[in-house]
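Could you walk me through how to read a model like this one? Let's take it feature by feature, as questions and answers.

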Amino acid sequence: MGNLLVTGGAGFIGSNFVHHVVEHTDHHVTVLDALTYAGNRESLAGLPSERVDLVVGNITDAPLVDELFGRADAVVHYAAESHNDNSLHDPRPFLDTNIVGTYTLLEAARKHDTRFHHISTDEVYGDLELDDPDRFTENTPYNPSSPYSSTKAGSDLLVRAWVRSFGVRATISNCSNNYGPYQHVEKFIPRQITNVIRGVRPKLYGAGENVRDWIHADDHSSAVLTILDQGRIGDTYLIGADGEKSNKDVVELILELMGEPADAYEHVTDRAGHDLRYAIDSTKLRTELGWTPSYGDFESGLTATIAWYRDNEAWWAPTKDGVEAFYATKGQ
Ligand code: NAD
Ligand code: DAU
């Protein structure tokens, strides 16, 4: 049994990871989370207090980070500003958290010789053409498009430099688009599900041809635990579940699963610099570490996610109007 420090553990993927760790391991978890607009302590409700602590604080707070690393056997770093649309509106918090925050954690990992796993994204590789037969691999050159993805790319490069220059015991994973419970309603899938629940038509950016490679957040969690246990120090692992779908196909499936006509959506202003397609080749993770996803079927995972949003309106309703007011200012 070990003490895991999980940054950003009150956010979407971090909270799914904490639930996964409590269910599948004996580790104790300390969550460090600033509870920004994207963090919600209710995402950790119901977890046993003897297994999970929440420390409300910022990853740029070096003395606090130092104290928490002193008590941790390993750190999994999820905390980030995570939304592309916000990064186009106000990039500064992305630099502070994603770059300076990661730097602060790396300095503590260096001082305490702490095993460190850095969570990153496939967006660092830029985008692919719709008909490109290739997918992203660990050897794809970095080519980020947005303020968000460029700060994630910068944070990955910091991790690599701290491994090589200072011997920090770190691994990195770059995952594709996650879906599942506890995802903020600013993001594509929860925004459309909660729109339909509210009787509002889903909003598709541009023509809706953009492709994302979907993975259930619980599969992301099992992959991260596998890398934490067995990953080679200094290595990068791509995480994906062969879930490529166009945004239009996803919206149509949501509408069908929610009992609405498949064409009951509207096209809205496209995202500036909108990446066309992401696709992950996770062969390395599968062959070297033996990981496989459990949610093979996107439709059943989506059905469960729709049920979760129907059953947990109290979790998302307080944020919904503010998110929609923000999108309305941009014609989205
Ligand atoms: P999220 O926005 O839902 O959660 C981020 C969490 O970090 C929130 O709880 C927030 O309060 C916390 N946080 C933000 N700034 C902080 C700071 N300065 N100090 C402490 N805590 C802070 O994000 P998410 O979608 O769960 O993404 C988590 C991680 O996974 C990010 O690093 C993101 O880049 C990466 N990722 C996300 C996806 C995806 O599909 N959402 C895919 C691949 C990788
Ligand atoms: O690929 C991993 C990335 O996936 C993560 O690094 C990011 O943190 C995460 O937010 C996600 O980024 P995307 O920009 O792909 O996710 P988002 O949910 O914002 O949008 C998914 C797609 O849906 C994208 O092509 C934009 C489109 N979209 C989004 C919204 C909110 C719409 O068509 N309509 C919408 O209302």
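**Ligands, a helix and a loop residue**

Q: Which polar backbone atom lies 2.8 Å from a nitrogen atom of ligand 2?
A: A polar contact is a pair of N or O atoms within 3.5 Å; within protein, one must be able to donate a hydrogen and the other to accept it, and residues adjacent in sequence count only if both atoms are side-chain atoms. Here the backbone partner belongs to Lys203, 2.8 Å from a nitrogen atom of ligand 2. The protein buries 95% of the 690 Å² that ligand 2 exposes when taken alone. This is a predicted model, where local features need pLDDT of at least 70, side-chain atom pairs count only at pLDDT 80 or more, and totals for chains, interfaces and linings use all residues. Residues are numbered from 1 along each chain as its sequence is written, chains are lettered from A and ligands numbered from 1 in the order in which they are written, and side-chain values use heavy atoms, with hydrogens and water left out.

Q: Which side chains make polar contacts with oxygen atoms of ligand 2?
A: Thr121 has a side-chain N or O atom 2.7 Å from a ligand 2 oxygen, and Asn247 places a polar side-chain atom 2.9 Å from an oxygen of ligand 2.

Q: How many residues surround ligand 1?
A: For this count, a residue needs a heavy atom within 4 Å of the molecule. Ligand 1 has 28 such residues, and the closest are Ile13, Asp33, Ser82, Tyr148 and Lys152. A polar side-chain atom of Asp33 is 2.6 Å from a ligand 1 oxygen, while the side chain of Ser82 has an N or O atom 2.7 Å from an oxygen of ligand 1. Of the 830 Å² of accessible area (Shrake-Rupley method, 1.4 Å probe) that ligand 1 has on its own, the protein covers 96%.

Q: Is helix H7 largely enclosed or not, and why?
A: Buried means under 20% relative accessible area (1.4 Å probe, protein chains only). Eleven of the 14 residues of H7 are buried, so the helix is largely enclosed by the rest of the structure. Among them are Asp219, His220 and Leu228.

Q: Where does Tyr265 sit, and is Tyr265 buried or exposed?
A: Tyr265 lies in the loop between helix H8 (247–257) and strand S13 (266–268); helices (H or I, at least four residues) and strands (E, at least two) are DSSP runs, numbered from the N terminus. Tyr265 is buried, at 12% relative accessible area. Beyond its neighbours within four places in sequence, its contacts (heavy atoms within 4.5 Å) include Arg201, Pro202 and Leu255.

Conventions: Buried < 20%, exposed > 50% of the residue type's maximum accessible area, 1.4 Å probe, protein only.
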